[in-house]
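Please look at the chain shown below before reading on, and try to trace its path from one end to the other. The report that follows goes from one sheet to the next and then to the chain as a whole.

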Amino acid sequence: MTDLLLLLDYLSDGQFHSGEDLAVELGITRTAIWKKIQKLNAILPVKIISVHSKGYKIKNPLTVLNKNRILDYLPAEFHSQLNQLEVLLECTSTNQYLLECLEQNQLKNGVVLAETQTQGRGRRGRYWVSPFGSNIYMSLSWQMGISIAEMAGLSLVVAISVAKALQKFGIDDVMLKWPNDVYVDGRKLAGILLELRGESNSPCSAIIGIGVNVNMPEDMADKIDQPWIDMQQLLKKQVNRNKVAAMILNELIPRLQQFNKTGFSGFMNEWEQLDFLAGKVINIEGHMQLSEGVASGVDKQGALLVEYKGQVQALYSGEISIRPKNLIRHN
Ligand code: BTN
C-alpha cells in the first residue's frame with residue numbers, strides 16, 4: 001500500500017489521529033505527514049481537517065479499498081494465480097495502467113483497482129465517470145491460452161461474471177444488454193471494456209476493465225450521459241467495495257479458465273438467462289445493411305442474432321437501442 005493510501009486508511013474511521021501517532025505508524029516525520037495530508041486534500045472530495053492539539057480527522061468517514069481485505073475474500077488458489085493485486089489512490093485509467101505494465105513485460109496475471117480515475121475509459125471512446133472513493137474501477141490482466149482470433153464472446157462472459165457476482169449481493173433482476181452492459185430496470189449498473197494484446201497465432205493477453213456503480217455521488221448525475229443506477233440505491237444499504245471487487249474476481253477467474261477450453265459456446269445457457277434484448281424490437285447503429293430488427297439471442301461466437309423480414313443476421317458489433325413504445329415482439 002502506498003503511504004497516501006495507508007494514511008487514508010488510518011483516517012477513514014472519521015476519528016482524530018495525532019500527527020505524532022500517524023508519523024510512528026507510517027515510519028516518517030510529522031512534517032512528512034503534514035505534506036501527505038496536503039496531497040490527499042488535493043485529491044479527496046471530502047477534506048481532512050487539522051485541529052491544534054487533537055490532530056487530523058477526515059470530515060466524512062469512508063471505507064477505502066484495501067488489498068488485504070480483498071485477498072481475504074479470495075480462495076487461496078487465486079492468490080497463487082495472481083502475480084499482482086494493487087490498489088491505487090488515483091490513476092488515469094486502470095486499463096491503461098495494466099497495458100503499460102504489460103508493455104514493459106512486468107505482468108502476467110494481475111489486478112489493479114483505483115479510488116479514482118482521471119481519464120476513465122468507456123466503450124466507443126466514451127468517458128467513464130470515476131469519482132473518488134465511490135465505485136469500483138478495476139482491471140484484470142489475464143494471460144489467455146488462446147489467440148485473439150479465438151476470443152469472440154469473451155466480453156459477454158465477463159458481463160455474465162459481473163452479473164453473477166451482483167446476484168450474490170441480492171440484485172436478482174440484473175440483466176445484460178448485448179454485448180456487455182450490465183442493467184437493472186433499463187438503467188446501467190456496470191460496464192466492461194475489454195482490450196486484447198498479442199501476436200496473431202500465439203496466446204494473447206486480455207485486459208478486462210470493469211466499472212461498477214456502487215455509490216455514485218449525487219452531484220455526478222448530470223455528468224453521466226445515459227440512465228444509470230448504483231448498488232446502494234438498489235440494496236438500500238452500505239456496500240463493501242472490497243467484497244464487491246473480490247466477488248467479481250471469484251466469478252470471473254474460473255470463467256476465464258473455462259473460456260480457454262470451450263470458448264463462448266460453453267456460456268450460452270447463462271447468457272440466455274440474463275439476455276435483456278431477447279425478443280425486443282431494436283434499432284442498430286453502425287451497421288451498413290441492418291438498422292432495425294428483433295433481437296433473437298446470440299450464436300456460439302457471442303454475435304447478436306437479429307431477425308428482420310424473416311431473415312436472421314449475426315451482428316458482431318454495433319450500438320443497440322431499444323425502440324421505444326414497441327418493446328415486446330408481437331408474432
Ligand atoms: C462501458 O462504456 O460500458 C465500459 C466502461 C468500463 C469502465 C472501466 S472502469 C475500470 C476500467 N478502466 C477504464 O478506464 N475503464 C474500465
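## The sheet of five strands

How many bridges pair strand E11 (residues 292-298) with strand E12 (residues 304-308), and in which sense do the two strands run? In this model, which is a predicted one, E11 and E12 pair over 3 bridges in the antiparallel sense. One place to find this pairing in the picture is Ala295, whose bridge partner in E12 is Val306.

These two strands belong to an open sheet of 5 strands, which follow the order E13-E12-E11-E10-E14 with antiparallel pairing. The edges of this sheet are taken by strand E13 (311-315) and strand E14 (319-322), and each has a single partner strand, so one side of each is left without a neighbour in the sheet. From one strand to the next, the twist of this sheet averages 45°. As a general point, the strands of a sheet pair through backbone hydrogen bonds, and they do so either parallel or antiparallel.

## The sheet of seven strands

A second open sheet is built from 7 strands in the order E3-E4-E5-E9-E8-E7-E6, and its pairing is mixed. Here E3 and strand E6 (174-177) stand at the edges with a single partner strand each, so each has one side without a neighbour in the sheet. Neighbouring strands of this sheet are turned against each other by 20° on average, if direction is ignored.

The mixed pairing can be followed by moving from one strand to another. Strand E3 (residues 84-91) and E4 run parallel and are joined by 7 bridges, with Glu90 standing opposite Thr116 in E4. On the other hand, E4 pairs with strand E5 (residues 136-143) in the antiparallel sense over 4 bridges, and Val112 has Ser139 in E5 as its bridge partner. Strand E8 (residues 187-197) and strand E9 (residues 205-212) are also an antiparallel pair, joined over 8 bridges, and within this pair the bridge partner of Arg197 is Ser205 in E9.

## Strand E4 and the helix beside it

Is strand E4 (residues 110-117) largely enclosed or largely open? A residue is called buried when its relative accessible area is under 20%, and 8 of the 8 residues of E4 are buried, so this strand is largely enclosed by the rest of the structure.

The parallel strands E3 and E4, which were described above, make a right-handed β-α-β unit together with helix H6 (residues 94-103). Helix H6 lies across E3, E4, E5, E8 and E9, and the angle at which it runs to E5 is about 25°.

## A hairpin and some backbone details

Strand E1 (residues 48-51) and strand E2 (residues 55-58) pair in the antiparallel sense over 4 bridges, and Ile49 stands opposite Lys57 in E2. The two strands form a hairpin with 3 residues between them. In the loop between E1 and E2 lies Ser53, which has a positive phi of about 70° although it is not a glycine. Ser53 is exposed, because its relative accessible area is 73% and the cut-off for that word is over 50%.

Another residue with a positive phi is Arg124, which is not a glycine and has a value near 55°; its place is in the loop between E4 and E5. A detail of another kind is the cis peptide bond that joins Trp178 and Pro179, with omega about 0°. Pro179 is found in the loop between E6 and strand E7 (181-184).

## The chain as a whole

Taken together, the secondary structure of the protein chain comes to 10 helices and 14 strands. The radius of gyration of the chain is 22 Å, close to the 20 Å that the globule rule gives for 331 residues, so the chain is as compact as a globular protein of that length. Along its principal axes, the C-alpha trace spans about 80 × 45 × 30 Å.

Of the 331 residues in the protein chain, 52% are buried. Among contacts between residues at least 6 apart in sequence, 64% join residues at least 24 apart. The protein chain exposes about 16000 Å², of which carbon and sulfur atoms supply 47%.

Terms used: Residues are numbered from 1 along each chain as its sequence is written. This is a predicted model: local features need pLDDT of at least 70, side-chain atom pairs count only at pLDDT 80 or more; totals for chains, interfaces and linings use all residues. Side-chain values use heavy atoms; hydrogens and water are left out. Buried means under 20% relative accessible area, exposed over 50%, partly exposed in between (1.4 Å probe, protein chains only). Two strands pair if DSSP finds at least two bridges between them. A crossover is right-handed if, with the strands pointing away from the viewer, the path from the first strand over the helix to the second runs clockwise. The radius of gyration is taken over C-alpha atoms; the globule rule is 2.2 Å times the number of residues to the power 0.38. Contact means heavy atoms within 4.5 Å. Accessible areas come from the Shrake-Rupley method with a 1.4 Å probe; for residues, only the protein chains shown count as cover. Axes are lines fitted to C-alpha atoms, for helices over the stretch in contact, and angles run from 0 to 180 degrees between N-to-C directions.
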